[in-house]
Structure formats: C-alpha cells, structure tokens
Amino acid sequence: MLTGELRSQVDAIWNAFWSGGISNPMEVLEQITYLLFIRRLDDAYGYLTWSRDARWLVWCHRENMQDPCGLRAVSLESGEVRQLTEPSGAWDGDQDPVFSPDGRRAYVNYTAAGDGATHVDELAVEGDGRIDPSSRREV
C-alpha cells in the first residue's frame, strides 16, 4: 500500500491524466510508458522537439557520442524516420532544433571546428516537413 509522499505523487499523476480526459488505467500506463521512452531518448540523444504541426519528433542523432549530430525526425503517424541534416567536418553537428511559430523555418545551433564559436543557422521547412539543406544560412 502506498502512503505519504509517494501516494501524493501517484495521485497527482493520476489526476493530471484524469483531468486531461484519460481515465482508463491501461491508457494511463501506455502514456506513462511513452513519456518514459521519450525521456530516455532525450537523455541519450540530446534535445528533442516537436514540429509545429506536432506530426514529427526531431532530435540530434549520432552513431557514437564522439560523432557530430545530424538531425533526424520520426513521423508519429507512420513511424517513418528521416535524416534532416548531415553533419559536416566543419562543425560539431546540428543541435537544439527549434521551429518557427509558423513552422516554415527551423533553427539549429552548432559549434564551428575552427573558432569554437557557437553559431545559429536557419533552414527552410518544406510543406511535407522536410528540411531543405540548401536553404541553410547563418542568422
């Protein structure tokens, strides 16, 4: 039996789901499992973000922790995974993706290999959610 502080935390989580319209205990477990999965992705790969239309989850992907990041996205509808940007030897990879409020631009930061300074680039987002790497420009 749960008592004290732990019981209060469990009740608060249950109330949050209930007030959000989820009352089936199996749905609550499914949602908690999903949130834990997302948290593990964030811990392993760095910053996660949603596309503005909430159809894509975008993160910094690298094969090894020493490799530079390239952005990847997974479609929540189909499960399709897309490589959005490829890291270059000139920088440490794209990190901390953020989408503009209208969803037509994405912003990433990176550290240049030569000067070690942090830069921010803007990239165009096409109608199907793909990022156009040829549109890359520093802001």
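## The central pairing

β2 and β3 pair in the antiparallel sense, over six bridges. The model is predicted. One bridge in this pairing matches V58 with A73 of β3. Strand β2 covers residues 56–61, and β3 covers residues 70–75.

Strand β3 is largely enclosed by the rest of the structure, because five of its six residues are buried.

## The sheet around it

The two strands belong to an open sheet of four, in the order β1-β2-β3-β4, with antiparallel pairing. β1 (48–50) and β4 (81–83) are the edge strands. Each has a single partner strand, so one side of each is left without a neighbour in the sheet. From one strand to the next, the twist averages 25 degrees.

β1 runs antiparallel to β2 and is joined to that strand by three bridges. L48 stands opposite W59 in β2.

On the other side of the order, three bridges join β3 to β4, again antiparallel. Here V74 has V81 of β4 as its bridge partner. β3 and β4 form a hairpin, with five residues between the strands. In the turn, G79 has a positive phi of about 85 degrees.

## The disulfide

The structure holds one disulfide. The bond joins C60 to C69, with an S to S distance of 1.7 Å. C60 falls within the residue range of β2.

Both cysteines fall under the 20% cut-off for burial. C60 is buried, at a relative accessible area of 3%. C69 is buried too, with 0% relative accessibility.

## The nonpolar core

In soluble globular proteins, nonpolar side chains tend to be buried together. In this model, the largest nonpolar core has eleven residues. They are W56, V58, L71, A73, L84, F99, A106, V108, L123, V125 and I131. β2, β3, β6 (105–111) and β7 (118–125) each supply at least two residues of this core.

The bridge partners V58 and A73 are both core members.

## Contacts of L71

L71 is another core residue. Leaving out residues up to four places away in sequence, L71 touches V58, W59 and C60. L71 also touches R82, Q83, L84 and T85. The list is completed by D94, P97 and V108. Among these contacts, V58, L84 and V108 also belong to the core. C60, another contact of L71, is one end of the disulfide.

Methods. Residues are numbered from 1 along each chain as its sequence is written. This is a predicted model: local features need pLDDT of at least 70, side-chain atom pairs count only at pLDDT 80 or more; totals for chains, interfaces and linings use all residues. Side-chain values use heavy atoms; hydrogens and water are left out. Two strands pair if DSSP finds at least two bridges between them. Axes are lines fitted to C-alpha atoms, for helices over the stretch in contact, and angles run from 0 to 180 degrees between N-to-C directions. A disulfide is a pair of cysteine sulfur atoms within 2.5 Å. Buried means under 20% relative accessible area, exposed over 50%, partly exposed in between (1.4 Å probe, protein chains only). A nonpolar core is a set of buried Ala, Val, Leu, Ile, Met, Phe, Trp, Tyr and Cys residues joined through side-chain atoms within 4.5 Å. Contact means heavy atoms within 4.5 Å.
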